[in-house]
Amino acid sequence: MKSFGDVVKQTDPFIILFCPSCMNSTLANQIVTKHGTPLYAYDLAEVSQRAAELRAELPAGSSVCYSFKANPLPALARRVRESGGRAEITSEGELAAAQAAGFTGAEMLFGGPGKTRTEIQLALKAGVRRFSVESFRDLALISEMCVAEKVMVEVLLRVNPSDAPDARLAMTGVESQFGFEEALLTDASARERLKLPQVKVIGVHIYFGTQVAGVEALVTNTRRALASAERVQQALDVPFSVVNVGGGFPWPYGNDHARPSLDGLREKLDEVWSQSPFAAQGVQLWFEAGRYLSASSGWLIAQVLEVKSLPTKTFVILDTGIHHLGGMAGLGRVPRGGVTVFNLSRDVSAEPVMTADVVGPLCTPLDSLARGLKIPAVQSGDLIGIPNVGAYGLTASLLAFLSHPPPIEVTHEKGQECEAWQLRHGHAQISA
Ligand SMILES: Cc1ncc(COP(=O)(O)O)c(C=O)c1O
């Protein structure tokens, strides 16, 4: 039986198709009958498969940290854990999700800029003993709280190397809020400044950016990360036991475009790693992955509410929009044009093609999932599916805007529903 994630490459990604061959529409209809639309459906077998594929392309003995920001759904993250991943978390919500997914504190790395006392305290209480530290202020705060809690933690220094990365969204090589500029750590004063009670520097953490396109770029970034780590280690003159080189492993977002190939990555990374002095020192090599592990598992399934035909334009109005698939809409990164929409209700291949804007129910013209799509005619009541939205889907969206109920999230495997979850929003009065 085909799963939701078995996406067939279309020649024209902008045309809505009936796709019985790429999605288990029977299961989709069963889940929708039970839970209604819109909903997110995640195939857990996809998560296992991606985790196994990624592991096979990374040097033996290296670890993969799952970035909860991609998708914190505990039922999905649990599968990552079962596939051997660690947890990379950055907030108290992600901490709670990681715990619900079964990760122990020892399996978590708590990172992110601007950490608060509350989240550090919660993390310490949960047994987190490894932090990625972004600044001297971050380190001082963690140290102070570890003294109060009488615990010792290990820290990775997040470094912003001067090199610009090969990534679609660069997070190093530019002035940013992330990490220590490398020069700060290689400065002679750094050694003393990092000597604080109850915190031990055990390595560095470098994250170049997301959607790194292709094996060569991933290899170059890893080589640069290891070189930067080496410079920092030499300057600080402390032994390292972990070097986290990030990742940025790519996957299509909201469309069925061809997946980027990681073929040959293992061989090249093995070479880069074997040339690093850290390999001989027994240092652990860590990577981070969010979208690569979760994106392919997820489909957003929605219903066509109305087809509105005007003299020069047609609008297909769905019961989902940028409040469920925002793609960082709040940051001006609305996914336009590239969204692929499959018709799950019926074969529309014989329908005449029309051009339509696919929009949601929010009271803003920004609520658009695609503009000018060529669509074999759809009609009110049709079920549609958007593939590759298991990462940066629901929790990267304007969920509470206009206060529609959050969609149900359903995990499934081998044609069977596993678990159903729902994010909550809405106001709870906290004063008496
Ligand atoms: C520090 C860090 N690690 C990992 C990730 C996950 O990236 P991706 O989902 O592209 O793997 C991000 C994403 O922004 C990040 O900021």
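Two exercises follow, on a predicted model.

**Exercise 1. The ligand site**

Task: Describe the shell around the ligand, then find which side chains have an N or O atom close to a ligand oxygen or nitrogen atom.

Solution:
1. Start with the shell. Twelve residues surround the ligand, and the nearest are Tyr 207, Thr 210, Glu 288, Gly 290 and Tyr 392.
2. Sort the shell by residue class. Five residues are charged, four nonpolar and three polar.
3. Set the cut-off. A polar contact needs a pair of N or O atoms within 3.5 Å.
4. Check the ligand's oxygen atoms. A polar side-chain atom of Tyr 207 is 2.8 Å from one oxygen atom of the ligand. For Thr 210, a side-chain N or O atom is 2.4 Å from an oxygen atom of the ligand.
5. Check nitrogen. The Glu 288 side chain places an N or O atom 2.6 Å from a nitrogen atom of the ligand.
6. Add the cover. The ligand alone exposes 400 Å², and the protein buries 92% of that.

**Exercise 2. The setting of Phe 278**

Task: Locate Phe 278 in the fold, decide whether Phe 278 is buried or exposed, and list its contacts beyond four places in sequence.

Solution:
1. Place the residue. Phe 278 belongs to helix 11, residues 277-280.
2. Read the accessibility. The relative accessible area of Phe 278 is 0%. Buried means under 20%, so Phe 278 is buried.
3. List the contacts. Leaving out residues up to four places away in sequence, Phe 278 touches Leu 226, Ala 229, Glu 230, Gln 233, Phe 240, Val 243, Trp 273 and Val 283.
4. Take one partner. Leu 226 is 52 residues from Phe 278 along the chain, with 8.4 Å between their C-alpha atoms.

Conventions
Residues numbered from 1 in each chain as written. Predicted model: local features only at pLDDT ≥ 70, side-chain atom pairs only at ≥ 80, totals over all residues. Heavy atoms only, no water. Near = heavy atom within 4 Å. Polar contact = N/O pair within 3.5 Å; in protein donor to acceptor, adjacent residues only side chain to side chain. Areas by Shrake-Rupley, 256 points an atom, 1.4 Å probe, with all protein chains shown as cover. Nonpolar A, V, L, I, M, F, W, Y, C, P; charged D, E, K, R; others polar. Helix = DSSP H or I, 4+ residues; strand = E, 2+ residues; numbered from the N terminus. Buried < 20%, exposed > 50% of the residue type's maximum accessible area, 1.4 Å probe, protein only. Contact = heavy atoms within 4.5 Å.
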